[in-house]
Structures are given as structure tokens and as C-alpha cells.
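Hi,

Here is the structure I promised to pass on. Have a look at it first, and my notes on what turned up follow below.

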Amino acid sequence: MSKKLYKRTTINKLNTLLFGKDLRITEGDRYTDEREFDYTSYYPVEDYISPQKLPSDKVYYITDFGAIANDDSIDNAPCVNKCICECAKNGGGYVVVSGGDFTAKTVELKSGVTLFIESKSSLVAEKSGEGFSNKAFIYAENCHDICITGGGVINGNGHIFGRKPLLDKNITEADEVIDVIKMRRDYRAQLRFAHPSKYGRLVHFCDCRNISVHNIIFYDSAYWTFRMTRCNDIEIKNFVINDNRHVCNTDGIDLMQCSNVEINHCFISCADDGIVLKNAIWEGCNGEMSDIHISDCEIISCTNAFKIGTETTYPIKNIVVENCRFLMTDLYPGSVSGISIESADGSTVENVTVKNIEMKRCTCPVFIRLCNRNRAALVNEQSATAVEYGVKPKGKGVDKNTFDMKGEINNIIIENIKADDIELPVIIAGFRQKGVTKKVSNITLSTFRLKYRDAVEVYDKRLFIPEYSKEYPECWRFRNLPAYAIWARHAENICIEDFECIPAKNTWREKYTFIDVENIRR
């Protein structure tokens, strides 16, 4: 195809009416096959995980408590948990997993315990999905001074808890046309949506403090890989997540109302958001989160590499992300976005700095979105996640006025961004709802070098672009926008400095589109 604009046929136009419809496989048995490129082909594990000596003091081996390796018919959880309890009772120490692969159901950590999984050994989630507690494989609650390390693996067997995707194989070649509508469909057609047997998250810490996770591999989660809820004083470094990139809702690291967090030198490859900050009442949150520093990470995500949102009712502030690389290597579509900063349900998101970021094949480099789903009025802790476990949602949330129209996004600095093979502009969007306009404010974009993928653009000029103020916030929602560098609506105090963007050939779009934007400095 020559590098000319692509215009849809009448049939193509009719097909666009399906845009926004939720493609979700809800019937069928568990699908257990591993497909080519389910897991990333770029996997520099040696750069993050190193050999680690076995501890010599206060050591408790799970094999001394009856655990048996390399037999997936055995549930070793009682033996592992007995070992952990004995360690904690004696003042803490090391619980050692050594000598092979140990199948288990839920393992519960205790205060003062370091779970040490030796290199070439692993804890492996039992395959039935039955009998897991707290919807997690590894769980800790109301604990302090806990650690996971050793150079080994926690394996969630996540790929076996979904249904067969719509497509028969993964897409590895980029389409010759840049078309957001097709991107979204192609992405969802490759997903393994939840089978009711799905047991839950790989690792979940709740109401814990003084957490250290380093030199360890989290592998093949069935749902959110590493969730921390209402935890403080967290250090994660020299850490790897390697998930099946088509298991639905496998985020990498989820921080829920967590503060004083340091995440450094991590490699994350997952199907959903790479590192994501959330703070919602239906997720058990009840106050603000702040002081989070993320640096020197490589993230491969099929959705958003770094994200604030979507679950956002309480404040999120004082966040720094720097010196990271966001990329997609061998699948199509690429990452939905590199940087996504959202307030959708009433949260104030402020004082966020993202700098020195390199991106490759992130469809939208930056997505800043203030909207008003007000989801807290629609769901509670049980109904919010029901569909993700393949069951029918039941239960509503708080009074509809509790968080309605309360959201804000302000004081955002994003600088020194290099992004190749993009397919959408930077998007900054507030909203208008119920006759009221709420604007994103005080945004600085400085030193950007953006370059589009070498492809044909679809001609998708529209008379108007809906507000989508109550919809799930996602850059793909806005389709193929009429600007290639920046598209902004309902914003104020926007500073644009040293901003370069090389568009696709023969683009039909303007460089900038500003709608209801006050005080632009460039």
C-alpha cells in the first residue's frame, strides 16, 4: 500500500459502530496452552537477578516440615505455613525454599520472616484453583519486617485460569494502517478472559510495613501480580515480573493507598498495567497515598507502562518516576500508553513528576485524563472484581454524592521524553458533565522527541469528539484524533517547551488541537 491516507469503505464505517463494545469471552473451558510470544522474547533476567548465598543463621527449611518437591499432586501449603509459623514464633528468620519446585495453595507470611527461595527453586500455585484463601497465592496481613528474596521463582500458573482467546494465535506484525479502532479490537481478541476457577493474585500484602522484595522472580500471575494495600515503607529492587501477556488483568505492581515507596531497577512484562497507583474506596482504601519514587525500570505492558488510576477516589500525590524505559517488543498492538495519569472517581492527583523516559512502540506517549465515572456509587469490594473472576457482579457502593464531581489533576511535570513508533498524540483532557466543566491544570511538557510509526493513517475526521466523561478512561477511547502532537481539551495553565514530533507520512492532522484551553505557554 502506498503511503497515502486510508479511507474506510461503507462496510468499514459500519464496523466502527462496534467500537466501545466490550469483547469478552464468557463461556468455555479453561484454556491451558502456552502460545508463542505469550511471554516476552526480550528477557534480560541476568541484569536483574543474581546468585545469592543461602542464609546461615535463623534458618528454617520447608523440607524439614514435610514439604516435598517436584510433585504437583501435593499441596505443600500446610508444611510451608507451619515452617513460617515456627520461624515467626522464635523471633523471625529465614524460611528457605530449596531443592526444586514446591506446589502449594495459599502461603501466609508472618512478621519478621524472610521467604528465601533459592535460585532454580520455586513455589508453584496448585492448578485446581480451589482452596486458596484471601484470593492470593502468597498473602500477608498486619505484618511488619517481611521480605521475599533468594533469586528463585514464585510461579502462579496464571495462564491456565482463563478461557481461549477469540484469535487462534498472537499478532506479532504491526498493521499497515494506524487505526485505533482496530488496535483495540486486536488487543482484546488475544486476551484470556477469566475462568471461574481463577484463584486470584500472585502476591498480596495488606496493612503491612517495612516490606523488602528483591532478587526474586514473580512468574505467570493469574490476576494482579503484586498488590499492596494500605502498606507503608516499601522497598522493591532487583526484581522481575514475567507474566503471560494475554492473561486478562495481570497488572505488574499495584500500589493501593501505599506511601513511602521506593521501586528501583525492576523488569516487568505483563498483560495489563506495569506499575499502577490506585486509591479507591471499593479496593479497601480510606485515605491519601504519597511519596512514591520509581526509577531505573524496564516495563513491557500491553496496556499502560506507568499509570495513576483508574480506581481513584482518595488523593494521590508526590510521585516521581524517572530514568525508565517503556517498550513493546514482539506483539501488536504496542502498549496502549507509556505514561497515564488519571482521576476518574473523585481523587485529587497532584505533584507528579515523570522525567528521563525512553519509549518504543507505546501507542500514546502521555495520557492525562480527568473524568467522572463516580464508580464508588456503583460497586463495592465484592462486585467490583466479580467479572474479573468470571462471575456475575452483585452489590452497590456508597452514596452517589460522596465522590461525585470531586476529582482534580494539577501540578504535573513531564520532561525529557523520547518516544519512537507512536500512533497517537499526547492527550490532555478534562471534562464537561451536568453543565459543569472541570479542567486539568498546571501541566508542563518539556523536551519531547516523538516520532510516529512508519505507516498509513486512517482518515477519521469527525464533526465532534464526545466527552466520554462517564466511560472507562483510556486513550483509545478518543479514537484517531485530529492532532498528531498534542490534543488538549478542558485544560488551563499548560506550558509546552522544546516539543518536537515527527508525524506519519501524508498526515491529515494538525500538529496541535486546543479546545477550551486557557493560558497556553509555548
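Lys278 has a relative accessibility of 4%, under the 20% cut-off, so this lysine counts as buried. Keep in mind that this is a predicted model. What does Lys278 pair with? Its salt-bridge partner is Asp254, with the closest N and O atoms 3.3 Å apart. Lys278 sits in strand E19 (residues 275-279) and Asp254 in strand E17 (residues 253-256), so the bridge ties together parts that are 24 residues apart in sequence. Asp254 is buried as well, at a relative accessible area of 0%. The pair also belongs to a network of salt bridges that links Asp251, Asp254, Lys278 and Glu311.

The structure holds 31 salt bridges, and two others are worth a look.

One joins Arg373 to Asp345, where the closest N and O atoms are 2.9 Å apart. This one links distant parts of the chain, 28 residues apart. Arg373 is in the loop between strand E26 (362-370) and helix H4 (381-384), while Asp345 is in the loop between strand E24 (335-343) and strand E25 (348-360). Both ends are buried: Arg373 has 13% relative accessibility, and Asp345 has a relative accessible area of 0%.

The other is between the side chains of Lys164 and Asp168, at 3.8 Å from N to O. Are its two ends buried or exposed? Lys164 comes out at 42% relative accessibility, so it counts as partly exposed. Asp168, at 62%, counts as exposed.

Now the pocket, which I guess you'll want to open up. The largest one has a volume of about 1,100 Å³. It is lined by 45 residues, and the closest to its centre are Arg24, Arg373, Arg375, Glu388 and Tyr472. So Arg373 turns up again here, after its bridge to Asp345. By class, the lining splits into 21 charged, 14 nonpolar and 10 polar residues. Which elements supply at least two residues each? Helix H3 (180-188) and strand E22 (304-312) do, and E22 gives the most, with 4 residues.

Next, helix H2 (residues 77-89). Its 13 residues should span 18 Å at 1.5 Å a residue, and the end C-alpha atoms are 18 Å apart, which agrees. The buried residues of H2 are Ala77, Cys79, Val80, Asn81, Cys83, Ile84 and Cys87. When you check that list against the helix, remember that an α-helix has 3.6 residues a turn, so residues three or four places apart point the same way. And what covers the buried residues of H2? The cover includes strands E2 (59-61), E3 (93-97), E4 (101-104), E5 (107-108), E6 (113-117) and E7 (122-125). After H2 comes Gly91, which has a positive phi, near 95 degrees.

One last residue: Glu322, in strand E23 (residues 316-327). Its relative accessibility is 16%, so this glutamate counts as buried. Setting aside neighbours within four places in sequence, Glu322 is in contact with His293, Ile294, Ser295 and Asp296, and also with Lys355, Asn356 and Ile357.

That's what I have so far. Shout if anything is unclear.

Cheers

Methods: Residues are numbered from 1 along each chain as its sequence is written. This is a predicted model: local features need pLDDT of at least 70, side-chain atom pairs count only at pLDDT 80 or more; totals for chains, interfaces and linings use all residues. Side-chain values use heavy atoms; hydrogens and water are left out. On a 1 Å grid over the protein atoms alone, a cavity is a set of points where a 1.4 Å probe fits but cannot get out, and a pocket is an open set with protein on both sides within 12 Å along at least five of seven lines; lining residues have an atom within 4 Å of a point. Grid points are joined across faces, edges and corners, and a volume is the space filled by probe spheres set on the points. Ala, Val, Leu, Ile, Met, Phe, Trp, Tyr, Cys and Pro count as nonpolar, Asp, Glu, Lys and Arg as charged, and the others, Gly among them, as polar. The expected span of a helix is 1.5 Å times one less than its number of residues. Buried means under 20% relative accessible area, exposed over 50%, partly exposed in between (1.4 Å probe, protein chains only). Contact means heavy atoms within 4.5 Å. A salt bridge is a side-chain nitrogen of Lys or Arg within 4 Å of a carboxyl oxygen of Asp or Glu.
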